[in-house]
Amino acid sequence: MAVLNRRQFLYSSVAFSTSLLLKACSSNQTTTPTAGGGEKFKIAIALPGTITDKAWNQSGYEGVNLAKQKLGAEVNFVEKVAQADQAETLGDFARRGYNIIFAHGGQFDASVEQIAAQFPNTFFVCVNGNLKKENIAALRIDHLQVSYLCGIIGASLTKSNKMAYIAGEKFPATEDELRGFELGAKSVKPNIQIIPTFTGDWNDVAKGKEATLALISAGADVIYQWLDNSSPAVLQTAADKGVYAFGNTKDQLEVAPKAVLTSAVKRMDLAIAYLAELAKQKQLKGQIYTIGLERPDILNLGNFNEIVPAAIKQKALNTKQEIVDKKITFENCKDNNKDTRCAKKATA
């Protein structure tokens with residue numbers, strides 16, 4: 001099939017597994033219609049990176065595949081959408097009659113807000129976003145919860161007492177993840193140092209590798225990364241230099257088995273398919289949908305490396321259950337005169 005404006009139609013499908021229940025963070029918004037009478041339901045997704053990155057973008061691509069299989073929908077996607085092209089891409093999908101458009105990354109928020117008002121009969125979903133309006137929803141993972149667990153594991157294994165966090169851009173989702181990693185680490189070692197860096201590009205392999213080498217040179221011996229196409233390069237560089245790392249989004253243990261301790265697994269594909277189903281049923285609302293560790297089919301730790309001692313693994317799993325049981329909660333606290341989230345143990 002010929003490519004039109006870099007768009008390719010999806011042909012592969014994946015069996016849809018498990019019915020999903022998501023927790024909505026607000027419930028006072030009205031439902032927005034998304035499809036007319038006998039028309040075929042149409043779903044599109046705009047991706048900042050490639051569908052073969054084995055991480056964030058691939059998960060989004062797989063999500064619309066799941067929706068296609070479940071709903072019999074017509075689906076389309078654009079990959080490698082640059083910041084300057086976001087509004088054009090989203091608007092083009094809307095003009096072509098797509099009922100629900102997923103903007104796969106918090107970096108799309110401004111463009112979604114700009115375009116959505118022009119297309120009131122189209123529903124936009126900001127994945128990892130922070131918007132909620134009549135025809136805009138946000139789909140969020142509680143990154144802080146799972147990174148808190150990784151912080152515990154990393155702090156238990158670091159020898160230098162320095163760990164690092166690498167992400168492509170700084171926005172609420174990455175800030176939450178960084179905060180969780182720091183809180184988990186400091187629950188084990190209060191004086192541990194977390195060095196953050198943002199490469200400015202989720203997919204640039206050279207930048208990811210360069211940032212990793214710089215952090216290792218600064219003394220970090222455990223690296224938590226959230227990148228897309230450059231993620232494998234970070235993990236492999238960590239392995240080459242003999243330091244530990246964490247996978248993200250996908251279970252990435254096999255990408256660098258000498259380095260990856262475990263992964264923060266985020267099944268965005270299942271979550272995306274669920275919101276698409278809500279949209280077809282005309283039940284999707286303009287609110288923020290948040291998923292935490294209470295949904296292990298969507299958010300969980302991946303496979304553990306055998307180098308992680310059994311006691312440390314068990315501590316992480318016990319802490320996970322405490323979070324699910326709300327024995328550990330994350331609330332707004334003051335940190336350097338600004339509101340942030342902190343961990344609190346429930347009192348008996």
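**Exercise 1.** Identify the residues that line the largest cavity, and sort them by character.

*Solution.* The lining of the largest cavity consists of Pro48, Trp56, His104, Gly105, Gly106, Gln107, Asn128, Phe171, Trp202, Trp226 and Asp228. Here a cavity is, on a 1 Å grid over the protein atoms alone, a set of points where a 1.4 Å probe fits but cannot get out, and lining residues have an atom within 4 Å of a point. Sorting this lining gives five nonpolar residues, five polar and one charged, where Ala, Val, Leu, Ile, Met, Phe, Trp, Tyr, Cys and Pro count as nonpolar, Asp, Glu, Lys and Arg as charged, and the others, Gly among them, as polar.

The model is a predicted one, in which local features need pLDDT of at least 70 and side-chain atom pairs count only at pLDDT 80 or more, while totals for chains, interfaces and linings use all residues. Residues are numbered from 1 along each chain as its sequence is written, and side-chain values use heavy atoms, with hydrogens and water left out.

**Exercise 2.** State how many cavities of 30 Å³ or more are counted, and give the volume of the largest cavity and of the second largest.

*Solution.* The count comes to two cavities of 30 Å³ or more. The largest holds about 50 Å³ of space, and the second largest about 30 Å³, a volume being the space filled by probe spheres set on the grid points, which are joined across faces, edges and corners.

**Exercise 3.** Describe the lining of the second largest cavity.

*Solution.* This cavity is lined by Ser59, Glu62, Thr249, Lys250, Lys266, Arg267 and Asp269. By character, the lining of the second largest cavity divides into five charged residues, two polar and no nonpolar.

Terms used: On a 1 Å grid over the protein atoms alone, a cavity is a set of points where a 1.4 Å probe fits but cannot get out, and a pocket is an open set with protein on both sides within 12 Å along at least five of seven lines; lining residues have an atom within 4 Å of a point.
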